[in-house]
Amino acid sequence: MFAKLGEPYVVGVASRIFGQVIAFVSVAVASRYLDLEVFGTYALAWAAAVIGNTFVFTGLYQALLRSRDFERERDTLLWLLLTVGCAFAIVLVAFGLLSGGFATAQGYALLAFAPIPLLSAPAAWWEAQLVRAKRVRAASLYVLVAETAALAVAILMLTSGWQIEALIAARYAAVLAGVVLTGALVRRLPRLAFRRDTVRTARRTALPLWGTSTVHLFTNYGADIILGAFSPAAMVGAYRGGARIAITASNLVLQPLTMLSWSRFTDIEKSGESLAAMRASWADNMALGAAILWPMNAAVAMLAPALVVTILDETWLAAAGVVAILSVSRAIGFGGALLEPVMMTVGNGRLQFLIRLWGAGTLLILLLAFARFGAEPAAFAHLASSVLVATLSLVAIARTLEMPVAYMAKAFAPGLALTGVVLAVILASGTLIDGGGIATGLALKIGAIVLAWSGLMIVFLTRRILVLPKP
């Protein structure tokens with residue numbers, strides 16, 4: 001049992017859990033000091049910075065993992081990463097100036113975040129080398145330390161009377177800590193070398209993934225942007241506050257699962273193993289992910305009002321509906337979680353991009369039609385898009401990996417069973433919140449959920465119905 005606690009996936013999930021919890025605690029603390037309007041201004045600016053960061057950690061990052069001549073190509077890939085980071089920094093500056101520059105709150109926030117994508121490029125380069133070397137534990141744990149530093153900065157500045165500046169400084173603390181830690185773990189500096197053939201090779205991996213990332217980013221942040229165009233900042237704050245809870249819950253599973261899956265699938269690709277090996281890895285990883293994600297998101301959706309009031313503040317109660325809807329949306333969207341590593345490693349990157357594009361197009365149409373009516377209609381648009389993308393993804397993966405429907409259903413059966421148990425516990429303990437106060441009742445319900453889920457999970461793991469994925 002203790003040996004299993006050291007498995008890369010366990011360490012990855014644990015570190016991401018604590019990292020995401022710490023990042024979320026920053027928002028919870030901020031809710032005590034900032035109103036929804038200030039938080040909405042921060043959310044829009046940070047969404048823009050996240051877009052730049054995502055392009056830094058996607059595409060060329062996977063090109064580093066897939067490289068067949070790593071020593072020859074690694075330096076060129078860093079200079080390309082820095083170029084991407086610089087390009088997005090310039091874009092953020094331009095939007096900041098167009099938004100009024102330092103004379104407006106939104107312009108100020110955008111300009112303040114502009115250097116983030118450029119500063120993140122070295123961390124992406126070093127992190128990819130950690131994953132490539134199968135040092136997944138280190139690649140996961142450094143995030144925990146970085147987010148701890150961010151939380152400390154946020155609390156210190158908020159309690160000292162700072163407003164949006166506290167959240168901005170916290171993100172800089174996380175980024176700089178990540179750069180220092182990954183650099184110290186890898187201990188490899190770049191050389192002044194640039195090869196054009198590496199650019200051509202990397203482009204074949206990066207371009208399809210950048211296309212998919214664009215779609216992913218719109219899926220995650222399109223509602224913020226469109227709400228920002230039609231609605232006051234307070235509504236954006238309500239949506240992002242609710243989305244933060246739902247996304248935090250799902251990212252605890254998705255981030256380490258995706259990292260390990262990319263590592264495993266690229267190994268299968270390079271070693272020339274059969275589709276059977278990839279099919280088995282997909283089933284193992286998705287089974288475990290569903291067994292964790294679906295029960296957790298079901299609990300978050302059912303307990304959304306109590307979670308918002310307890311963790312944030314009663315003034316943020318408008319976010320509760322968004323939490324419930326997006327939790328369901330993320331649970332359904334999990335069906336397409338491993339679409340990219342599967343399609344890219346079998347050489348069908350175009351199909352995964354088209355699927356994501358269909359989802360984004362649907363989301364755009366629905367958001368333009370309904371987002372102007374409020375945060376909850378925007379969340380329902382997200383849910384409809386998730387249903388479409390998950391369905392298309394599962395059909396595409398089943399055909400690509402020659403996977404029978406029964407084989408796929410068997411992978412998801414433990415997750416469905418665990419979700420049923422969690423829902424039964426919540427329904428059976430329905431009077432706890434009313435009887436002992438919101439916070440006490442919520443704590444009792446969560447305790448009962450954890451006990452029931454953990455007991456059945458131990459049974460599934462010991463009988464090897466579920467197995468921990470390996471890099």
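Where does Arg-464 lie? I looked this up first, and I found Arg-464 in the segment after α20 (438-462). The model is predicted, and I kept that in mind in each entry below.

**Entry: positive phi values**

I read the phi of Arg-464 as about 60°, a positive value although the residue is not a glycine. Most residues other than glycine have a negative phi. I then checked accessibility: Arg-464 counts as exposed, because its relative accessibility of 58% is over the 50% cut-off.

I turned next to Glu-402, which sits in the loop between α17 (375-400) and α18. Its phi is near 55°, again positive in a residue other than glycine. Is Glu-402 buried or exposed? I found Glu-402 to be exposed, at 58% relative accessibility.

I also noted Arg-187, placed just after α9, with a positive phi of about 55°.

**Entry: helix α9**

I compared the length of helix α9 (residues 164-186) with expectation. At 1.5 Å a residue its 23 residues should span 33 Å, and the end C-alpha atoms lie 34 Å apart, so the two values agree.

**Entry: confidence**

I recorded an average pLDDT of 83 for the chain, with 90% of the residues scoring at least 70. Which element has the lowest mean pLDDT? I found that it is helix α1 (residues 2-5), with a mean of 44, whereas helix α18 (residues 405-428) has the highest, 94. Over residues 1-6 the pLDDT stays under 50, and for this stretch I noted six contacts beyond four places in sequence.

**Entry: two arginines in helices**

I located Arg-132 in helix α7 (residues 116-132). Its relative accessibility is 26%, so Arg-132 counts as partly exposed. Beyond residues up to four places away in sequence, I listed its contacts as Leu-64, Leu-65, Arg-66, Ser-67, Phe-70 and Lys-270. I also took the C-alpha to C-alpha distance from Arg-132 to Ala-375: 40 Å in space, with their positions 243 residues apart in sequence.

I located Arg-356 in helix α16 (residues 349-370). Arg-356 is buried, because its relative accessible area of 8% is under 20%. With neighbours within four places in sequence set aside, I found Arg-356 in contact with Thr-212, Val-215, His-216, Gly-336, Leu-339, Glu-340 and Val-389.

**Entry: the second largest pocket**

I noted about 300 Å³ of space in the second largest pocket. Its lining has 14 residues, and those nearest its centre are Leu-44, Ala-48, Ile-51, Phe-95 and Leu-110. Which helix gives the largest share of this lining? I found that α3 does, with six residues. At least two residues each come from α3 (36-56), α5 (70-98) and α6 (105-113). By class I recorded 11 nonpolar residues, three polar and no charged in this lining.

**Entry: cavities**

How many cavities of 30 Å³ or more are there? I counted two. About 50 Å³ of space lies in the second largest cavity, and I listed its lining as Asn-220, Tyr-239, Ile-247, Leu-326, Arg-330 and His-382. The elements α11 (233-271) and α14 (320-333) each give two or more residues to this lining. I recorded the classes in the lining of the second largest cavity as three nonpolar, two polar and one charged.

Terms used. Residues numbered from 1 in each chain as written. Predicted model: local features only at pLDDT ≥ 70, side-chain atom pairs only at ≥ 80, totals over all residues. Heavy atoms only, no water. 1 Å grid on protein atoms, 1.4 Å probe; cavity = no way out; pocket = protein on both sides within 12 Å on 5 of 7 lines; lining within 4 Å. Points joined across faces, edges and corners; volume = space filled by probe spheres on them. Helix = DSSP H or I, 4+ residues; strand = E, 2+ residues; numbered from the N terminus. Nonpolar A, V, L, I, M, F, W, Y, C, P; charged D, E, K, R; others polar. Buried < 20%, exposed > 50% of the residue type's maximum accessible area, 1.4 Å probe, protein only. Contact = heavy atoms within 4.5 Å. pLDDT = per-residue confidence, 0-100. Expected span 1.5 Å × (residues − 1).
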